[in-house]
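Visitor: I would like a close look at a single part of this model, the pocket and what surrounds it. Please take me through that part in one go.

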Amino acid sequence: MALVAAAIAVQVCLAQPAEFPGWPREWEGVTLQRAPLGAGDRACIKGFSGESARMVGSDKSYLFRWTSRPSRTLQSVSVCYEQAGYRIDPDRRPPPGPDWTCYLAGKTGERWRLCETVYNQQGKRWATMDKWMEEAINDRLPGPFWSVIVAERAR
């Protein structure tokens with residue numbers, strides 16, 4: 001019986017990829033517009049096997065990444081920005097919610113507050129890539145999955 005359940009779970013993970021639904025036009029009440037990728041964005045999508053786009057709204061920038069199934073190519077914002085030459089520090093201010101993680105990224109003349117979350121279409125959210133990957137792979141959660149990075153100038 002356990003073998004049958006494992007085979008079904010593997011089939012769920014290996015099912016045909018979901019069709020990309022397109023980019024959101026709004027995020028948490030903010031109207032979004034497509035924008036060119038920045039250096040940190042490019043580091044976050046380097047080698048990524050899903051879809052990605054930078055959006056702007058109000059005074060924030062958003063990097064949306066979408067993947068139909070769990071992928072180790074979906075890197076944490078801290079790893080991405082570090083690879084782009086930024087110094088990464090933990091952010092001591094509270095995150096936007098319990099399912100978010102925030103960092104401060106600094107480079108000559110620039111300082112950003114970067115917050116990220118990962119979620120699936122069933123409403124499950126993760127505050128870190130590590131927790132998402134562990135649960136998505138080990139529990140064979142169905143995708144698709146969205147990663148959202150919110151970047152704003154740090155004060």
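Guide: What follows goes from the pocket lining to the disulfide, then to the cores and to one arginine. The model is a predicted one.

The largest pocket has a volume of about 180 Å³. Its lining is made up of Trp27, Glu28, Val30, Lys60, Tyr62, Pro96, Trp100, Arg113, Cys115, Val150 and Glu152. Strand S5 (60-67), strand S8 (110-120) and strand S10 (145-153) are the elements that each give two or more residues to this lining. By residue type, the lining holds seven nonpolar and four charged residues, and no polar ones.

One lining residue, Cys115, leads to the disulfide. The count of disulfides in the model comes to one, and the partners are Cys102 and Cys115, with sulfur atoms 2.1 Å apart. Cys102 lies in strand S7 and Cys115 in strand S8, so the pair, 13 residues apart, links distant parts of the chain. The torsion about the S-S bond of Cys102 and Cys115 is about 110°, which means that the disulfide is right-handed. Both cysteines of the pair, Cys102 and Cys115, are buried. Two further cysteines can be placed on the burial scale as well. Cys44 has a relative accessible area of 1% and counts as buried because that value is under 20%. Cys80, at 0%, is buried for the same reason.

Two other lining residues, Trp27 and Tyr62, lead to the nonpolar packing. The largest nonpolar core has 15 residues, and those touching the most other members are Trp27, Leu32, Tyr62, Phe64 and Val148. Strand S4 (51-57), S5, S8 and S10 are the elements that give two or more residues to this core. Another core, of 14 residues, lies apart from it, and its members include Ala43, Cys80, Ala105 and Leu114. Back in the largest core, Leu32 has contacts beyond four places in sequence with Pro24, Arg25, Glu26, Trp27, Met55, Val56, Gly57, Tyr62 and Phe64.

A further lining residue, Arg113, leads to Arg93. Arg93 sits in the loop between strand S6 (87-90) and strand S7 (101-107). Leaving aside residues up to four places away in sequence, Arg93 touches Arg113 and Arg155. Arg93 and Arg113 are 20 residues apart along the chain, and their C-alpha atoms are separated by 9.8 Å. The relative accessible area of Arg93 is 36%, between the limits of 20% and 50%, so this residue is partly exposed.

Terms used:
Residues numbered from 1 in each chain as written. Predicted model: local features only at pLDDT ≥ 70, side-chain atom pairs only at ≥ 80, totals over all residues. Heavy atoms only, no water. Helix = DSSP H or I, 4+ residues; strand = E, 2+ residues; numbered from the N terminus. Buried < 20%, exposed > 50% of the residue type's maximum accessible area, 1.4 Å probe, protein only. Contact = heavy atoms within 4.5 Å. 1 Å grid on protein atoms, 1.4 Å probe; cavity = no way out; pocket = protein on both sides within 12 Å on 5 of 7 lines; lining within 4 Å. Points joined across faces, edges and corners; volume = space filled by probe spheres on them. Nonpolar A, V, L, I, M, F, W, Y, C, P; charged D, E, K, R; others polar. Disulfide = S-S within 2.5 Å. Core = buried A, V, L, I, M, F, W, Y, C linked by side-chain atoms within 4.5 Å.
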